[in-house]
Amino acid sequence: MRCLNPGSISNGRVDVIPPFDASSQPSSEDDFDFPIGTHLKYACDDGFILLGEDSINCESVGDWSGSFPMCVKDSKTAGPKSFSGSIGAQLSKCEKLPMVNFKSNKCEIPEIERKILSKDQQYLLDISYAIKSGISPEDLTVQVHFPIQDG
């Protein structure tokens, strides 16, 4: 059994750590697949952050131990300064409305270290977890990370 090569990662690099078992050392075919026990370690270029796990392993069944991560641009957000137009006028009222009950929404949220996110991104991640679970913690409803000014 071998695991298919997942390919390269855009805006990052993959370090291949072969297994220690001498009987399953990499071969010339490793451009296409890897032996059981191979460890892939992912890292992103400067200015990009990794979404997902930073490493995966080729397991005995010939599958990788996790999803393949991706590198995304690290854009430090400051949030909107104001809302304008007819839609913006309606949205500016939303921050004053009370929280209502809602149903959970099945979705996948990649593993990510909170400490690498801006405050706005952490807030959006918390909202995503609330949507996934169908439960909004009380402190989430009162958080204000970016003041909205009528504009």
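The largest nonpolar core of this predicted model has 11 residues: C3, I9, F34, L40, Y42, C44, L50, I56, C58, W64 and C71. Strand β4, which covers residues 39–44, gives the most to this core, with three residues. A second, separate core has five residues, among them I49, I112, L117 and L125. Such grouping may be set beside a general tendency: in soluble globular proteins, nonpolar side chains tend to be buried together.

The chain around these cores may be described next. Its secondary structure comes to three helices and nine strands. Read from the N terminus, the order of the elements is β-β-β-β-β-β-β-β-α-α-α-β. Of the 151 residues in the chain, 24% are buried. The chain exposes about 10,500 Å², and carbon and sulfur atoms supply 56% of that area. Among contacts between residues at least 6 apart in sequence, 61% join residues at least 24 apart.

The confidence of the prediction should be kept in mind while reading the model. The average pLDDT of the chain is 77, and 70% of the residues score at least 70. Among the elements, β4 has the highest mean pLDDT, at 94, whereas strand β9 (residues 149–150) has the lowest, at 44.

One member of the largest core, L40, illustrates how residues from several places in the sequence meet. Leaving aside neighbours within four places in sequence, L40 is in contact with P6, V14, D15, V16, D54, S55, I56 and W64. Of these partners, I56 and W64 also belong to the largest core.

W64 leads to another feature, for the structure holds one aromatic pair. F34 and W64 form this pair in an edge-to-face arrangement, with 6.0 Å from centre to centre and 70° between the planes. The pair links distant parts of the chain: F34 lies in strand β3, while W64 lies in the loop between β6 (55–57) and β7 (70–73), 30 residues apart. F34 counts as buried because its relative accessible area is 8%, under the cut-off of 20%. W64 is likewise buried, at 14% relative accessibility.

Beside F34 in the sequence stands D33, which also has its place in strand β3. Is D33 buried or exposed? At 16% relative accessibility, D33 counts as buried. The side chain of D33 makes a polar contact with the side chain of R2, at 2.8 Å. Apart from neighbours within four places in sequence, D33 is in contact with R2, C3, L4 and N5.

After strand β3 comes the loop between β3 (33–35) and β4, where T38 is found. T38 is buried, with a relative accessibility of 1%. A polar atom of the T38 side chain lies 2.7 Å from the backbone oxygen of P35. Without counting neighbours within four places in sequence, T38 is in contact with V16, I17, P19, I56, N57, C58 and W64. Of these, I56, C58 and W64 are members of the largest nonpolar core.

A last residue draws attention through its backbone. N11 lies in the loop between β1 (2–4) and β2 (12–17). Most residues other than glycine have a negative phi. N11, however, has a positive phi of about 60° although it is not a glycine. With a relative accessible area of 35%, N11 is partly exposed.

Note on methods:
Residues numbered from 1 in each chain as written. Predicted model: local features only at pLDDT ≥ 70, side-chain atom pairs only at ≥ 80, totals over all residues. Heavy atoms only, no water. Core = buried A, V, L, I, M, F, W, Y, C linked by side-chain atoms within 4.5 Å. Buried < 20%, exposed > 50% of the residue type's maximum accessible area, 1.4 Å probe, protein only. Helix = DSSP H or I, 4+ residues; strand = E, 2+ residues; numbered from the N terminus. Contact = heavy atoms within 4.5 Å. pLDDT = per-residue confidence, 0-100. Polar contact = N/O pair within 3.5 Å; in protein donor to acceptor, adjacent residues only side chain to side chain. Areas by Shrake-Rupley, 256 points an atom, 1.4 Å probe, with all protein chains shown as cover. Phe/Tyr/Trp six-rings, centres within 6.5 Å; stacked < 30°, edge-to-face > 60°.
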